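Here's a quick tour of one protein chain, written for someone who'd rather be at the bench. Have a look at the sequence and the model first, then read on.

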Amino acid sequence: MSIWWSLHLRREAASVPLARRLLIGTMETAGVDPDVSFDLSLALTEACANAVEHGGAAAPGSTAGAYRVTAYLDGEKCRIEVADSGPGFPKASRGRTAATPARQTAAHTDEHGRGLCLIRELADHVHCGNRPGTGAVISFDKILKWREDTPLVTA
C-alpha cells in the first residue's frame with residue numbers, strides 16, 4: 001500500500017493542528033499502530049511549529065508566508081517532509097541525521113530549542129538541510145507497525 005499527500009499551509013499557528021489531524025487520520029485509516037501514529041504526529045507538530053516560527057517573513061508576491069508538508073506512507077515506512085521559505089539551517093546542522101548528536105541541547109525546562117531533539121528521538125532517521133535558494137527542509141522516517149485488524153495491509 002502507498003498513500004501520499006502534500007499540504008501548502010500558511011505560516012500560522014492554526015495550521016499546525018490541521019497537518020497533525022490529517023496525518024493521524026491517514027494513519028488510523030491505513031491501520032498504523034496508534035503508538036507509531038502518536039510518535040509521528042508529535043514529530044510533525046514540532047517540525048511544523050519550527051516552520052511557523054522560523055520559516056521567514058512574507059514578502060509581497062512571494063510564498064514566504066507559507067510552508068509545505070508532505071507525507072508518504074509507503075510499504076513499511078512513513079516519510080514526512082516539512083519545507084519552509086526561511087533563512088535555512090546554519091551550516092553546522094545541515095545534513096545531520098539521527099545518528100549525529102546535536103551540537104547543543106536544550107534543558108528540559110527550556111521553552112524553546114527542543115523540537116529537533118524531540119524529532120530525532122521519535123523518528124528512525126532524520127535529515128535537516130536547506131532548499132536550493134532559500135528555506136529549510138526537515139525530513140524524517142519511521143518504520144511502521146500495523147494493528148492486527150488492519151484492512152488495507154495484505155498478508
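## The overall layout

Helices (H or I, at least four residues) and strands (E, at least two) are DSSP runs, numbered from the N terminus. By that naming, Asn130 sits in strand S4, which covers residues 125-130. Keep in mind that this is a predicted model.

So what does the chain contain? There are three helices and five strands, and going along the sequence they come in the order β-α-α-β-β-α-β-β. Of the chain's 155 residues, 39% count as buried. Among contacts in the chain with a separation of 6 or more, 68% are between residues 24 or more positions apart.

## H1 against H2

Two packed helices are described by the angle between their axes and the distance between the axes. For helix H1 (residues 15-30) and helix H2 (residues 34-54), the axes come within 9 Å and cross at roughly 155°. Angles over 145 degrees count as roughly antiparallel, so H1 is roughly antiparallel to H2. The crossing of this pair is right-handed.

Which residues make the contact? On the H1 side they are Ser15, Val16, Ala19, Arg20, Leu23, Ile24 and Met27, and on the H2 side Ser37, Leu40, Ser41, Leu44, Thr45, Cys48, Ala49 and Val52. Sorted by class, the H1 and H2 contact has 10 nonpolar, four polar and one charged residues.

Ser41 is a nice one to zoom in on. This serine belongs to helix H2 and counts as buried, because its relative accessibility is 4%, and the cut-off for buried is under 20%. Once you set aside residues up to four places away in sequence, Ser41 touches Arg20, Leu23 and Ile24.

## H2 against H3

H2 has another helix to deal with. The axes of H2 and helix H3 (residues 115-122) come within 9 Å and cross at roughly 155°, so H2 is roughly antiparallel to H3. What is the handedness of the H2 and H3 crossing, left-handed or right-handed? It is left-handed, whereas the crossing of H1 and H2 is right-handed.

From H2, the residues Asp39, Leu42, Ala43, Glu46, Ala47 and Asn50 meet Gly115, Leu116, Leu118, Ile119 and Leu122 of H3. That contact of H2 with H3 has seven nonpolar, two polar and two charged residues.

Within H3, Gly115, Ile119, Arg120 and Leu122 are buried. What covers the buried residues of H3? The cover includes H2, S4 and strand S5 (136-143).

## Links across the sequence

Ala51 is also in helix H2, and with 2% relative accessibility it counts as buried. Leaving out residues up to four places away in sequence, Ala51 touches Arg11, Tyr67, Val82 and Asp84. Ala51 and Ala83 are 32 residues apart along the chain, yet their C-alpha atoms are separated by 7.3 Å.

Further along, Ala123 lies in the loop between H3 and S4. Is Ala123 buried or exposed? It counts as buried, at 7% relative accessibility. Not counting neighbours within four places in sequence, Ala123 is in contact with Phe140 and Asp141. From C-alpha to C-alpha, Ala123 and Cys78 are 9.7 Å apart, with their positions 45 residues apart in sequence.

Back to Asn130 in S4: this residue is partly exposed, because its relative accessible area is 29%, and partly exposed runs between the 20% and 50% cut-offs. Asn130 and Ser85 are 45 residues apart in sequence, and their C-alpha atoms are 9.5 Å apart in space.

## Cysteines

How many disulfides turn up in a search of the whole structure? The search finds zero. For the test, a disulfide is a pair of cysteine sulfur atoms within 2.5 Å.

As for individual cysteines, Cys48 is buried, with a relative accessible area of 0%, and it is one of the H2 residues in the contact with H1. Cys117, on the other hand, counts as partly exposed at 23% relative accessibility.

How values were computed. Residues numbered from 1 in each chain as written. Predicted model: local features only at pLDDT ≥ 70, side-chain atom pairs only at ≥ 80, totals over all residues. Heavy atoms only, no water. Buried < 20%, exposed > 50% of the residue type's maximum accessible area, 1.4 Å probe, protein only. Axes fitted to C-alpha atoms, helices over the stretch in contact; angles between N-to-C directions. Parallel < 35°, antiparallel > 145°, perpendicular 65-115°, else oblique. Left-handed = near helix turned anticlockwise from the far one by under 90°. Contact = heavy atoms within 4.5 Å. Nonpolar A, V, L, I, M, F, W, Y, C, P; charged D, E, K, R; others polar.
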